[in-house]
Amino acid sequence: MPTPTKPDFTRPALAPGLLGAVALVAGVALLDTGAFIIFRYVVSIFALIMIVFAFRARAWWAIVLLAAIAVLWNPVVVIPLDGQPWAALQFVAAFVFIVVGVLVKVPTERTTS
């Protein structure tokens with residue numbers, strides 16, 4: 001039986017990306033309620049977490065997309081968007097979260113023995 005080897009990369013942004021996408025899709029139902037502020041916090045925090053992983057992976061394109069999501073879903077300084085464009089942006093951001101989570105690969109550190 002061959003000796004298992006360490007993988008060359010990890011996908012640390014996958015879990016926050018999937019959780020953020022679930023939060024975005026669930027948040028569509030609560031767009032016009034006061035509880036939507038919770039989803040703004042969740043989405044912006046997951047976007048910031050994923051920015052750190054994208055930086056470690058040197059995926060500059062992902063940093064730009066995630067920074068835009070973090071700014072738009074920022075609960076402190078709210079950008080006034082509502083209606084159909086905001087609902088559409090929820091699904092676009094969910095797609096971005098999933099794509100970034102799958103494509104961002106952080107190389108593992110190799111130790112020589």
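This section describes aromatic pairs, charge-over-ring contacts and a nonpolar surface patch in a predicted model.

Under the ring-pairing criterion applied here, 3 aromatic pairs are counted. In the pair formed by phenylalanine 55 and tryptophan 60, the ring centres are 5.7 Å apart and the planes meet at 70 degrees, so the arrangement is classed as edge-to-face, the cut-off for that class being over 60 degrees. Phenylalanine 55 has a relative accessibility of 47% and therefore counts as partly exposed. Tryptophan 60 is likewise assigned to the partly exposed class, because its relative accessible area is 47%. The ring of phenylalanine 55 also takes part in a contact with a charged side chain: arginine 58 lies over its face, at 5.6 Å from the ring centre.

A further charge-over-ring arrangement involves lysine 105 and phenylalanine 9. The charged end of lysine 105 is placed over the ring of phenylalanine 9, at 4.7 Å from the ring centre.

Ring pairs also join Phe36, Trp73 and Trp86 into a cluster. Of these residues, phenylalanine 36 belongs to helix H2. Its relative accessibility of 5% places phenylalanine 36 in the buried class, for which the limit is under 20%. The C-alpha atoms of phenylalanine 36 and proline 85 are 16 Å apart in space, while the two residues are separated by 49 residues in sequence.

Helix H2, which spans residues 36-56, also contains arginine 40. Despite the charge on its side chain, arginine 40 is buried, with a relative accessible area of 7%. A polar atom of the arginine 40 side chain lies 3.3 Å from the backbone oxygen of leucine 72, a separation that falls within the 3.5 Å limit for a polar contact.

Isoleucine 45 is another residue of helix H2, but its accessibility class is not that of arginine 40: isoleucine 45 is partly exposed, with a relative accessible area of 45%, whereas arginine 40 is buried. Isoleucine 45 contributes to a nonpolar surface patch of about 650 Å², which is made by Ile37, Ile38, Tyr41, Ile45, Ile49, Val76 and Val77. The relative accessible area of isoleucine 45, at 45%, is consistent with the requirement of over 30% for patch residues. Helix H2 thus carries both the buried phenylalanine 36 and the partly exposed isoleucine 45.

Key: Residues numbered from 1 in each chain as written. Predicted model: local features only at pLDDT ≥ 70, side-chain atom pairs only at ≥ 80, totals over all residues. Heavy atoms only, no water. Phe/Tyr/Trp six-rings, centres within 6.5 Å; stacked < 30°, edge-to-face > 60°. Buried < 20%, exposed > 50% of the residue type's maximum accessible area, 1.4 Å probe, protein only. Lys NZ or Arg CZ within 6 Å of the ring centre and 35° of its normal. Patch = residues over 30% accessible without salt bridge, like charges linked within 9 Å, V, L, I, M, F, W, Y side chains within 5 Å. Areas by Shrake-Rupley, 256 points an atom, 1.4 Å probe, with all protein chains shown as cover. Salt bridge = Lys/Arg side-chain N within 4 Å of Asp/Glu carboxyl O. Helix = DSSP H or I, 4+ residues; strand = E, 2+ residues; numbered from the N terminus. Polar contact = N/O pair within 3.5 Å; in protein donor to acceptor, adjacent residues only side chain to side chain.
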